[in-house]
Amino acid sequence: MTPFARRGALVALGLVAALVWSNASAPASVDISVGIRYLSPTGTLADCSAKAKDSLNAFLAGSVESSPGSGEWLGESANGVAGTPTAMAAVRCYAMPKGYVVTFTCFAQLPDNPYTADALCKDVAHKFYGGTITALAAIPTPTPLPTGCATTNLLGTWTSDDNPKLTFTMDVNGDLTDSDGVSGNWGLKGDTVTLTYYGNHTLTLSSDGKHISGVGYHLTRKC
Amino acid sequence: MARTFLTRGAVAAVGLALAVGLAGRPAAAALDTVIGAQDVVKNEPLSSCNTKARSALGSALGKVYEMGDTGQWEGIGAIDAAGNSFAAAAIHCYPIDDVTGYLVTFTCATQSPPATESASVLCGKLAAAFGGQP
């Protein structure tokens with residue numbers, strides 16, 4: 001093997017290793033529910049709106065009318081693990097010459113949301129016009145990140161043991177910024193630390209989560 | 001020997017850095033939903049709404065289904081290799097007898113990332129595709 005080919009193979013090896021290491025999570029998908037419609041022979045648009053609001057509020061965090069008096073309502077779930085709503089329902093009312101017609105459309109982000117769009121729409125619709133209601137699982141709350149000298153992340157402020165004036169702030173996005181404003185990135189797999197900062201550096205996190213050490217770098221976390 | 005080892009290490013590190021940069025960090029996906037347009041179309045049969053709904057959803061999203069024979073349509077965006085789709089929309093058609101026409105509504109959702117357009121943009125496309133048909 002020529003030196004050039006050997007170097008190419010090493011680049012490829014690094015590429016594969018890092019792609020496996022990066023361990024990107026599988027994306028969620030959008031689940032939709034359409035098909036529930038209800039025709040009320042009596043009542044006004046205001047009646048429909050009041051019931052739409054109540055029905056959405058029974059299962060979702062809060063409902064809003066798309067524009068005042070429109071009779072079109074949207075409700076969102078509480079924030080899921082990613083900090084954003086994972087389920088939504090739309091209840092749309094339309095006044096008829098006698099009574100009103102109302103439609104129900106739901107969306108859920110699976111697998112982040114613990115129930116399907118169908119389950120949500122059935123409950124909202126049954127709350128509206130009557131029917132069996134099945135309890136929906138609670139939305140998982142965002143998991144708070146460990147703080148202090150956690151061994152699962154490098155969050156916090158680190159000081160260079162060799163130069164106490166040099167500090168690094170490492171954040172939840174994997175970014176780091178030194179005390180001079182120079183930025184880089186950090187990664188952690190097991191106790192192996194990767195710092196991308198004036199090049200790439202492979203270092204080791206101590207078992208108490210307080211020290212990073214390796215060639216050229218010895219850092220201590222404030223915790 | 002030491003120089004060769006260091007060279008190999010440096011080359012492998014370049015590959016590592018390149019791949020980390022390519023892979024990036026998975027951003028949190030967010031569900032975006034919008035209540036789109038509502039319109040009453042006069043002097044057109046319900047079948048016209050159904051035809052337009054099917055066509056609009058098909059052109060904007062790909063897969064289209066009617067829930068029974070109800071005039072309620074759903075569209076699903078492109079499905080990836082893992083079976084996931086990141087955009088969906090509903091078009092409801094309902095007959096309005098007193099104007100010999102129908103009521104049509106659009107409701108949309110996207111998940112970004114990986115979807116590149118918002119639910120609002122999707123619903124706008126659907127309404128335009130629906131309204132632009134003869």
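Where in chain A is the place of Leu154(A)? Leu154(A) sits in the loop between H3 and S6 of chain A. I will come back to that residue once the elements around it have been introduced. A word of caution before that: this is a predicted model.

I start with the open sheet of chain A. This sheet has 5 strands, ordered S1-S5-S4-S3-S2, and the pairing is antiparallel. Which strands stand at the edges? They are strand S1, residues 29–40, and strand S2, residues 62–65; each has a single partner strand, so one side of each is left without a neighbour in the sheet. From one strand to the next, the twist averages 15 degrees.

At the S2 edge, S2(A) pairs with strand S3, residues 72–76 of chain A, in the antiparallel sense over 4 bridges. Within that pairing, Ser63(A) has Gly75(A) in S3(A) as its bridge partner.

Two helices pack on this sheet. H2(A) touches S2, S3, strand S4 (87–95) and strand S5 (100–110) of chain A. The direction of H2(A) makes about 170 degrees with that of S4(A). H3(A) also packs on the sheet, where it touches S1, S4 and S5 of chain A. Its direction makes about 20 degrees with that of S1(A).

Now the two helices against each other. Two packed helices are described by the angle between their axes and the distance between the axes. For helix H2 (residues 45–59) and helix H3 (residues 117–129) of chain A, the axes come within 8 Å and cross at roughly 135 degrees. That angle makes H2(A) oblique to H3(A), because it falls short of the range over 145 that counts as roughly antiparallel. The crossing of H2(A) and H3(A) is right-handed.

Which residues of the two helices meet? From H2(A) there are Lys51(A), Ala52(A), Ser55(A), Leu56(A), Ala58(A) and Phe59(A). From H3(A) they meet Leu120(A), Asp123(A), Val124(A), Lys127(A) and Phe128(A). By class, the contact of H2(A) with H3(A) has 7 nonpolar, 1 polar and 3 charged residues.

Next, the second sheet of chain A. Its strands form a closed barrel of 8, running S6-S7-S8-S9-S10-S11-S12-S13, with antiparallel pairing. Neighbouring strands here are turned by 30 degrees against each other on average, direction ignored.

Three of the pairings deserve a look. Strand S6 (residues 156–160) and strand S13 (residues 217–221) of chain A pair in the antiparallel sense over 3 bridges. In that pairing, Trp158(A) stands opposite Arg221(A) in S13(A).

S13(A) is also joined to strand S12, residues 211–214 of chain A, by 4 bridges, again antiparallel. Here Gly214(A) has Tyr217(A) in S13(A) as its bridge partner. S12(A) and S13(A) form a hairpin with 2 residues between them. In the turn, Gly216(A) has a positive phi of about 85 degrees.

The third is strand S10 (residues 192–196) with strand S11 (residues 200–205) of chain A, an antiparallel pair joined by 5 bridges. Val193(A) stands opposite Leu203(A) in S11(A).

Val193(A) leads back to the opening residue. Leu154(A) and Val193(A) are 39 residues apart in sequence, and 8.8 Å apart in space from C-alpha to C-alpha. Not counting residues up to four places away in sequence, Leu154(A) touches Met170(A), Trp186(A), Leu188(A) and Val193(A). Is Leu154(A) buried or exposed? Leu154(A) is buried, because 23 other C-beta atoms lie within 10 Å, and the cut-off is 20 or more.

Last, chain B. It has 3 helices and 5 strands, and from the N terminus on, the elements run α-β-α-β-β-β-β-α. Of the 134 residues in chain B, 42% are buried. Among contacts in chain B with a separation of 6 or more, 54% are between residues 24 or more positions apart.

One residue of chain B as an example: Ala60(B), in helix H2 (residues 46–60). Ala60(B) is buried, with 23 other C-beta atoms within 10 Å. Leaving aside neighbours within four places in sequence, Ala60(B) is in contact with Gly75(B), Leu122(B), Lys125(B), Leu126(B) and Ala129(B). Ala60(B) and Ile76(B) are 16 residues apart in sequence and 9.1 Å apart in space, C-alpha to C-alpha.

How values were computed: Residues are numbered from 1 along each chain as its sequence is written. Chains are lettered from A and ligands numbered from 1 in the order in which they are written. This is a predicted model: local features need pLDDT of at least 70, side-chain atom pairs count only at pLDDT 80 or more; totals for chains, interfaces and linings use all residues. A residue is buried if 20 or more other C-beta atoms lie within 10 Å of its own, exposed if 12 or fewer, and partly exposed in between; C-beta atoms are placed from the backbone. Two residues are in contact if their C-beta atoms, placed from the backbone, lie within 7 Å. Two strands pair if DSSP finds at least two bridges between them. Axes are lines fitted to C-alpha atoms, for helices over the stretch in contact, and angles run from 0 to 180 degrees between N-to-C directions. Angles under 35 degrees count as roughly parallel, over 145 as roughly antiparallel, 65 to 115 as roughly perpendicular and the rest as oblique. A crossing is left-handed if the near helix is turned anticlockwise from the far one by less than a right angle, and right-handed if clockwise. Ala, Val, Leu, Ile, Met, Phe, Trp, Tyr, Cys and Pro count as nonpolar, Asp, Glu, Lys and Arg as charged, and the others, Gly among them, as polar.
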